[in-house]
Amino acid sequence: MTILLLLSFLSAIWVPYMPKILNKYKGSVLASLPLSVFILTLARGTGLTGMTSTSTTYEWIPQLGLNITWTFDGLSYLFLLLVSGIGTLILIYANEYMKHYPDKDRFYTFIMLFMASMMGLVLSGNLLVLFLFWELTSFTSFFLISFKHEYEKARQAALQSLLITVMGGLALFGGIILIGQMAGSFEIADLMEKSGEIKSHRLYVPALILVLAGVVTKSAQFPFHFWLPGAMQAPTPVSAYLHSATMVKAGIFLLARLNPVLGGTPQWMILVSLIGGLTMFIGAYLSLTQTDLKAILAYTTVSSLGTMVLLFGIDTQASIEAAVLFIIIHAFYKASLFMIAGMIDHKTGTRDVTLLGELWKPMPKTFIFASLALLSMAGLPPMLGFIGKELIYEAKIQVPDIAIILMILGVGSNIFMVWVSTMLGYRTFIEKAGGMPKPPNENGWRMLLGPFVLVLLSLFFGLYPASISGFVEPAISTILREPATVYLSLWHGFNQVLLLSILTVATGFSLFLLRKKIIPVLKKINSALFSIRFADVFNKLIIGFVSLSKKKTAVIQHGYHRFYLMTIFVAATVLIWFQIYYTRGWNVDVEYTRQPYYVIALVIIMMGASLITAIAKSRLTAIISMGVVGLGIALLYLIYSAVDLAITQILAETLTLVLFVLVLQKLPRFARLSSRKSRIRDAIIAVAAGSFMTILVLKSFHVNYNHPISDFYVRNSLPGGFGENVVNVILVDFRALDTLGEITVLSIAAFGVYSLVKLNKLKK
Amino acid sequence: MKTIILQMALPYIRFILIFFSVITLFRGHNFPGGGFIGGLMASGAFIFQALAWDVNSSRKTLRTQPSVLIGSGLMMALLSAIPGILTGKPFLTGTWVKIPLFADHTLKLGTPLLFDIGVYFTVAGVVLMFIYTLMEEWQWK
């Protein structure tokens, strides 16, 4: 598994360096990779019963609980199949679809990267690693949405999706850390053991909310649903793959993964099912008034994701069964519908349903596949979607408290689904055309392969539902943590659920017939109801945030060097004062030892020199007296046998002098610019800072609670570091990492000066 | 500030500064000195030339860009960390090789020496970058 994952990442890097002969077939060549993953997964998965789970752990940073753990169980099996299987089809499809795009390489690189991260995500058995891949999918998604970066809209949509998903990612990270704090481990297997402990912990609710924030943003739940329709700016293979079948399911995956850890509590039920229910309804409702094919599909995706979240929220055996099944169903029909939308766009030059029409004549095969997929979306027999919908209804009926609300939302959104599916099929394929930019013709096999396979699977599983239980059961039992058997059949007998289905379809269909009257009304309602558009609100928020930061920067980073210095000194003084006052008190009792006369003389000279610096009338005097102070310090170092420091001090002093000489000519005339008042203020600050520093030094004799570390260095310098000069051994051996940091900072400073001086000039 | 005395004395001063900077660097482990001080001294040699003649002549004598010095210095410091990692010790742990010389003298070579040489180059490069940049900016004559 590790090898395949690595291969996937490597293949992304390999894309631009592929031999030229393969240029036309890059997508198909790359498709072999997910295909082999798919086959291997299938092979490994056969005989996988619910409770088996194999993990391989590689230690990475064990101190942080960060291990690379690959877990292969029912859930990762199912998702891995979806990711690799649909990935294969999408790559083959993309090979054709992206034929005439420039920068194909960039597309393939990112989609391979995405695929690899998604596989990593579903295989991770450690929450931290899972988070790593989670973020990777966000980033690759950003690059894929902004693929047509020449367009303002694409860039905006990409940035929006990135900001939202990464914001959620940050929250998720917080949640993960909280969970880790509660359980003392990030391994999901350990977390499951400690599930009870976590749920009764007082940090459970904050952690749950943070994790849900991650899920909600990633899986485009209300009120963050708006980034998903925006993300339709991406090329269609991306929309089909990332924004319907896989990436947005990462949130769902996380819900499923953490269900055994966090689920089952009232908080979980209420929060998750409420968010899901609302999203389900709103998404379906909003899809009605769209005219762009991809936008319609995007909103129905939002709705479907809401359904899945809702089902995980209900958290009964039936609902989990329904959820897992629905994940498959949705991946099948939505990916194929997206691919078909892409084909139609490709052939006719438009995605606007008001312009499209009568496509069944030129594209009979596409029409058949599309209508089968739409049947599945509407939840009609004989497709798999029907079974899914029945299960969902069944799950909803079983909820004790909020069944009625859920039923209304559920039936309502399903009615909308039926309605929108019929409308979509009718308007694109049957209705009279409104004038298409290009005359359509049938699609080639490479493009049709994806929808064909997926629709066929959907039909096959619909007719022989028993055959799918091998894929669904392990996942369900992984989530439920007990062996589960699923009995699926197309015909459930005449019961409440079937009645609801019939009602749904009938209402949906009649609404479709009445659409000419209803849709305009809906549009009016929408424009009144949604005068505040979430996307705009979000954009404004971001813009406001940026301008706030600008203002804040202007206040804090005002650019006056003297005030920076003043801030530093005042803040340091106040802090020292506070600390001393509250912890130690003022009394300083230090045994004063008499120092040799030359030390006293030196100190007096230095004090005099610094006074002269402060009141000097010419710049040269100031510089020279500063030099006296510096060299005096060097002498003090020498007297107290810190030779290395003394040498460094002398050299630094010399360099400073050279720099001053360089600057001297260029500076304005030395003038007294500051007023009397500000000079007095400066003097007060200087005296205060100086005296507090003195007190601090005096005090510091007493604060050595621990044994000084210097003894260790002195003792170990020769045996451990083979050097007699302790200072140097500390610098290059004991604390070499510090030195490395220091020289790195120095280098950065040097490049900073260089770029400030030189680049500024270039601009002019 | 071009005086003929400085210009004539330059080759000797430069030699002395660089020579002693290298000595300072290598004696650093047992006596006062080391990469930081050595680097400062070495940069002094080139600053002196820049003051006596001009930046261009100093650059010519240096033969390379200060940024190259910085980069290679940092690289050396980082390279010195590798043997420690390979032997499974914490990052930057010193590794020593003892080469027996005549009589009972042994030459001890270790990664800290490489590290110190890295510091030497980095410091020299950083100082020179400061000085050159500023001198060129102000067209120091």
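How many residues does the contact take from chain B, and how many from chain A? The contact takes 37 residues from chain B and 32 residues from chain A. Keep in mind as you explore that this is a predicted model. For the complex, the predictor reports an ipTM of 0.85 and a pTM of 0.72.

Let's look at the chain B side of that contact. Helix H2 (35–52), H4, strand S2 (106–110) and helix H6 (111–137) of chain B each provide at least two of the residues that touch chain A. The most comes from H6(B), which gives 14 residues to this side. Sorted by class, the chain B residues that touch chain A are 25 nonpolar, nine polar and three charged.

Now step back and view chain B as a whole. Its secondary structure consists of six helices and two strands, and along the sequence they follow the pattern α-α-α-α-α-β-β-α. Of its 141 residues, 45% count as buried. Among the contacts in chain B with a separation of 6 or more, 64% are between residues 24 or more positions apart.

How confident is the predictor in chain B, going by its average pLDDT? The average is 81, and 81% of the residues score at least 70. Among the elements of chain B, helix H4 (residues 66–79) has the highest mean pLDDT, at 89, and strand S1 (residues 96–100) has the lowest, at 64. Where pLDDT is low, the predicted coordinates should not be read in detail.

Next, turn to chain A and find a pair of helices, H26 (residues 619–639) and H27 (residues 643–664). Their axes come within 7 Å and cross at roughly 170 degrees. An angle over 145 degrees counts as roughly antiparallel, so H26(A) and H27(A) are roughly antiparallel to each other. Residues making this contact include A:Ile623, A:Leu631 and A:Tyr637 of H26(A), along with A:Leu645, A:Ile650 and A:Phe660 of H27(A). By class, the contact of these two helices has 13 nonpolar, three polar and two charged residues.

Chain A also has strands to follow. Strand S1 (residues 54–61) of chain A pairs with S2(A) in the antiparallel sense, over seven bridges. One place to find this pairing is A:Ile61, whose bridge partner in S2(A) is A:Leu66. The two strands form a hairpin with four residues between them. In the turn, A:Gly65 has a positive phi of about 75 degrees. Strand S2 (residues 66–72) of chain A is mostly covered, as five of its seven residues are buried.

Finally, compare two residues that have a positive phi without being glycine. In chain A, A:Ala220 has a phi near 55 degrees, and A:Ala220 is found in the loop between helix H9 (204–218) and helix H10 (227–230). In chain B, B:Arg63 has a positive phi of about 70 degrees, and B:Arg63 lies in the loop between helix H3 (55–62) and H4. Is each of them buried or exposed? A residue counts as buried if 20 or more other C-beta atoms lie within 10 Å of its own, and as exposed if 12 or fewer do. A:Ala220 has 29 other C-beta atoms within 10 Å, so A:Ala220 is buried. B:Arg63 has 7 other C-beta atoms within 10 Å, so B:Arg63 is exposed.

Terms used:
Residues are numbered from 1 along each chain as its sequence is written. Chains are lettered from A and ligands numbered from 1 in the order in which they are written. This is a predicted model: local features need pLDDT of at least 70, side-chain atom pairs count only at pLDDT 80 or more; totals for chains, interfaces and linings use all residues. Two residues are in contact if their C-beta atoms, placed from the backbone, lie within 7 Å. pLDDT is the predictor's confidence in each residue, from 0 to 100. Axes are lines fitted to C-alpha atoms, for helices over the stretch in contact, and angles run from 0 to 180 degrees between N-to-C directions. Angles under 35 degrees count as roughly parallel, over 145 as roughly antiparallel, 65 to 115 as roughly perpendicular and the rest as oblique. Ala, Val, Leu, Ile, Met, Phe, Trp, Tyr, Cys and Pro count as nonpolar, Asp, Glu, Lys and Arg as charged, and the others, Gly among them, as polar. Two strands pair if DSSP finds at least two bridges between them.
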